Amino acid sequence: MSGFHNYLVLFVILICQTDAFYIPSLSPKTFRPGDRVPLEVNRVFSEHVPLPFAYYDLPFVCKPASINYPWLNIGEVLRGDRIASSDYELYMGKNSTCNVLCTREIDAKANEEAGWFVEQDYLIEWIVDKLPAATVYRRLQDTQNPVSYEPGFRIGDFDAAAKRAFLNNHVSLHILYERHREGRRIVGVEAYPRSIENSSGECPDLSDASQDRLVVGQKQPRKVTFSYSVHWIEDPSVRWTHRWDRYIRTSSQVHWYAIFNSAVIILLLSGVVAVILMRMLNRDVSHSSREIEEFRDEIEETSGWKLLHGDVFRTPQWKGILAPVLGTTVQVMYTAISTVALGTLGILSPSYRGGLLTTGIVMFMLMGAAAGYYSGHLYRTWGGRNWLQNSLTTALAVPMLLFGIEMLLNMFLWYRSSSAAMPLSTILLLFVLWAAIELPLTVLGGWIGFRRKPYSEPMRTNAIPRPIPPLPRYLKLPLSILLAGALPLSVIFIEMFFVLKSIWQDAFYYEYGFMVIIGVLLAITVCETTIIMVWLLLNSGHHRWWWRSFAYGASSSIYFFIYSLVFYFTRLRAGMPDVAGITPGLTFVLHSLLFTIVYALCTGSMGFFAAYFFIRRIYSMVKLS
């Protein structure tokens, strides 16, 4: 036991050391003094409105005569990135007090739209050497890490009292670098925007802090001059290998509190399960002194789970749906495990934009083999005959449901011209990947799983089903589902805040080590909770546990969805002006629904297989007795 304890402690220590580990990049770029440093523009996004837009789709910004668009991976496209070249001139080591980018005539509609973007607190994302230009936050009380970065900088400032919007038309860039031999490497990009009333076509007086600010949001045309300045600053305190640390730095104290809270809950649940296994089961199956015939006569006179020995392994209702669903849940769970594992190892570097989504999609396609295998094996165990139909259902049912929800949302995003809308080429690419990779692998896995010998159940099934007695109130579906989901929620609710913040407020989430620990604790909690609920169900004489075990495992997804809605109204939209149209709210709700379905599939499969193993185990003990 002490050896297991030592291994467990070592595992936790290693995981915690990887909470912010990453591979910065495979090919660092070194610039010589005077080299041109490209500045790329990407998109504008808001922490309060889930609608990003391509930077050059804004009708009030400066656009080059010729725009180059680099190749984007599928993850970048899905997260709304639209990276493009710009006319900003940056030369390594060459400071520039002020440069005029352009002077633009803005019509009345564009002026009004500029006011809306400022009012909704939109941020601009520029990229220099794969680093996003960031807003700087200085924490005077934190002596070890006094500086932190938030990606992007505000498009303007909104005066809520006067209801006036001020557009930032001048940006001062502070680019930090370290020396490397004869060259220099960029280690930070800081943006300091400023709103200055200027339409002269010349640089403003930046030393005058009392200048009027540029007011937008009015329904009238106007002229605006955009300018910028560049300052190169050597910062020996930041190494290139750790240049992302300021973007992803967070406090670990809250995560440790969540882990401690989860550990206490698991200890309580483990105690309950131990009581069930060591007292009730040991008492019920200790008939070794009796003959088998005497035991079978006695079992008919007892009550509880033993009475269901001839019905507990009866083929589940709608087996043609349950087997494909369980196969897909295994696919989703394996996808999540493999993706988080790669993140924990530091392979999903923050410099690899869209890497998390791209890796998740590729893993999901490859795990189609696992989906087909588990689905086919369960389908064969339950007496199914048409393995091909089962395999096709596995490949089609859940993926098409998720894709259908996304396509419904995509129509609204297209209408609003948001960069989050999937282009037609991306939709076709996803279909080709599904048809060329996932579908064949799922069919192959289904064929292999169907050919495997079915599970040998420890009890034979009676010809006539036993009638199901009325259940106590706490085991009826609405209440029992809510009860089963409460404990898993308490394990993840703190970490869930950081995940939602990363998704909707564009904060870098790179604490995969803590996610692994929370994931393990969540899996244990879901399995133990499901075992307890199924045990109570069997003791009440209810032998149709198959679908219930999946529902008990997935029950915390209800709270997950409710928490997401609470996060939207209390964190994203709190204190913000109303947004015209239903697209922003619909975007959040449907994406939250997608995340909830994926979460439910993972936890549902944990609950089902834990209950299946538990039931096979206790009835095999009865059989051996």
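Hi everyone, let's start with a small sheet: three strands in the order β9-β10-β13, forming an open sheet with antiparallel pairing. At its edges stand β9, residues 156-159, and β13, residues 215-216. Each of these two has a single partner strand, so one side of each is left without a neighbour in the sheet. Please keep in mind as you look that this is a predicted model.

Let's zoom in on β9 and its partner. How many bridges link β9 and β10? Four, and the two strands pair in the antiparallel sense. You can find β10 at residues 164-167. If you'd like one pair to look for, aspartate 157 stands opposite phenylalanine 166 in β10. Together β9 and β10 form a hairpin, with four residues between them. In that turn, lysine 163 has a positive phi of about 55°.

Now on to another strand, β14, which covers residues 222-234. Which way does β3 run against β14? Strand β3, residues 96-106, runs antiparallel to β14, and eight bridges join them. One pair to pick out here is arginine 104 with its bridge partner in β14, valine 224.

Strand β14 also pairs with β11, residues 170-180. Here the two strands run parallel, joined by eight bridges. To find your way in the viewer, look for valine 171, which stands opposite tyrosine 228 in β14.

Let's finish with helices. When two helices pack, we describe them by the angle between their axes and the distance between those axes. Our pair is α7, residues 319-344, and α10, residues 387-415. What angle do α7 and α10 make? About 60°, with their axes 9 Å apart. The two helices are therefore oblique to each other, and their crossing is right-handed.

And which residues meet there? From α7 we have Gly320, Ala323, Pro324 and Thr328, and from α10 we have Asn390, Thr393, Thr394 and Val398. Sorted by type, the residues of this contact of α7 with α10 divide into three nonpolar, five polar and no charged.

So, to recap: look for the β9-β10-β13 sheet, then for β14 with β3 running antiparallel to it and β11 running parallel to it, and then for α7 crossing α10 in the right-handed sense. Thanks for listening!

How values were computed: Residues numbered from 1 in each chain as written. Predicted model: local features only at pLDDT ≥ 70, side-chain atom pairs only at ≥ 80, totals over all residues. Heavy atoms only, no water. Axes fitted to C-alpha atoms, helices over the stretch in contact; angles between N-to-C directions. Parallel < 35°, antiparallel > 145°, perpendicular 65-115°, else oblique. Left-handed = near helix turned anticlockwise from the far one by under 90°. Contact = heavy atoms within 4.5 Å. Nonpolar A, V, L, I, M, F, W, Y, C, P; charged D, E, K, R; others polar. Pairing = 2+ DSSP bridges.
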